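This report introduces a protein model to a reader who has not met it before. Its strands, helices, surface and charged pairs are taken in turn.

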Amino acid sequence: MESFRHWQEVWLGIGQHAMNLTFMQVAFRALIVFVASLVIVRVGDKRFLSGKTAFDAVLGFMLASMLARDINGSAPFWATLGGAFVLIALHRLIGVISARSHSFGNFVKGNANMVIKDGIVLRETLQKHDLSDHDLAEDLRLNGNVESPEQVKLAFFERNGQISVVKKKE
């Protein structure tokens, strides 16, 4: 046990102030955090990497912040790494509950809102989400391959911030 403690002090700079860490200590910290991050992604639900919803994006920001602090020595190394595993487990648990409970899923992830119905733009929904006509036109071109709302049967502002489009039949 004493040799492990000595190894941590020498190679990881455990117990040292962040300003006193050497290049090699930061490099070894980065190596361990990198490997742990790969394990975290494999253990966790990979969807958070896509940032599908605010729920996923928040986890990505938090993990990045925590793991960066672990590398630069501004947080306790093993405790912070353990905290990252707790976050990913919590994300996965919330994801499982959200998949089984529609109302909980809506609370955590939000829900889709209709922005076009039968070619008519629903202005209240655009305003609710601070979307301009230009934003809508851009998403219709990119996601629906249509030039105007009149060509759209249904369009939704999705939980991930994108607009999905169902074209009218020609």
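## Basis of the description

Two strands are said to pair if DSSP finds at least two bridges between them. The structure described here is a predicted model.

## The sheet

The model contains an open sheet of four strands, arranged in the order β2-β1-β3-β4 with antiparallel pairing. The edges are occupied by β2 (120–121) and β4, each of which has a single partner strand, so one side of each lacks a neighbour in the sheet.

Strand β1 (residues 113–117) and strand β3 (residues 152–157) run antiparallel and are joined by four bridges. Within this pairing, Met114 stands opposite Phe156 in β3, and Lys117 has Leu154 of β3 as its bridge partner. On the pairing of β3 with strand β4 (residues 163–167), five bridges are found, again in the antiparallel sense. Here Ala155 has Val165 in β4 as its bridge partner. A hairpin is formed by β3 and β4, with five residues between them. Gly161, in the turn of this hairpin, has a positive phi of about 90°.

## Helix α3

Helix α3 (residues 54–72) comprises 19 residues. From its first C-alpha to its last the helix reaches 27 Å, close to the 27 Å expected at 1.5 Å a residue.

Which residues of α3 are buried? They are Phe55, Asp56, Leu59, Leu63, Leu67 and Asp70. These residues cover an arc of only 90° around the axis, and therefore lie on the same side of α3. Ala54 and Phe61, on the other side of α3, are exposed.

## A nonpolar surface patch

A nonpolar patch of about 900 Å² lies on the surface. The residues that make the patch are Met1, Phe4, Trp7, Val10, Trp11, Phe23, Met24 and Trp78. Helices α1 (2–12) and α2 (23–43) each supply at least two of the patch residues, and the largest share, four residues, comes from α1.

Val10 may serve as an example, being placed in helix α1. Patches are made of residues with over 30% relative accessible area and no salt bridge. Val10 meets the area cut-off because its relative accessible area is 39%, and Val10 is classed as partly exposed.

## Salt bridges

How many salt bridges does the model contain? The count comes to two. One of them links the side chains of Arg5 and Glu2, at 3.7 Å from N to O. Arg5 and Glu2 are three residues apart in helix α1, and so are separated by about one helical turn. Arg5 is partly exposed, at 42% relative accessibility, whereas Glu2 is exposed, with a relative accessible area of 56%.

In the other salt bridge, the side chains of Arg123 and Asp133 meet at 2.4 Å, N to O. Because Arg123 lies in helix α6 (residues 123–128) and Asp133 in helix α7 (residues 133–144), the pair ties together parts that are 10 residues apart in sequence. Arg123 is partly exposed, at 45% relative accessibility. Asp133 is also partly exposed, with a relative accessible area of 44%.

How values were computed: Residues are numbered from 1 along each chain as its sequence is written. This is a predicted model: local features need pLDDT of at least 70, side-chain atom pairs count only at pLDDT 80 or more; totals for chains, interfaces and linings use all residues. Side-chain values use heavy atoms; hydrogens and water are left out. Patches are made of residues with over 30% relative accessible area and no salt bridge: like charges are joined within 9 Å, nonpolar side chains (Val, Leu, Ile, Met, Phe, Trp, Tyr) within 5 Å. Accessible areas come from the Shrake-Rupley method with a 1.4 Å probe; for residues, only the protein chains shown count as cover. A salt bridge is a side-chain nitrogen of Lys or Arg within 4 Å of a carboxyl oxygen of Asp or Glu. Buried means under 20% relative accessible area, exposed over 50%, partly exposed in between (1.4 Å probe, protein chains only). The expected span of a helix is 1.5 Å times one less than its number of residues. The arc is that of the directions from the helix axis to the C-beta atoms.
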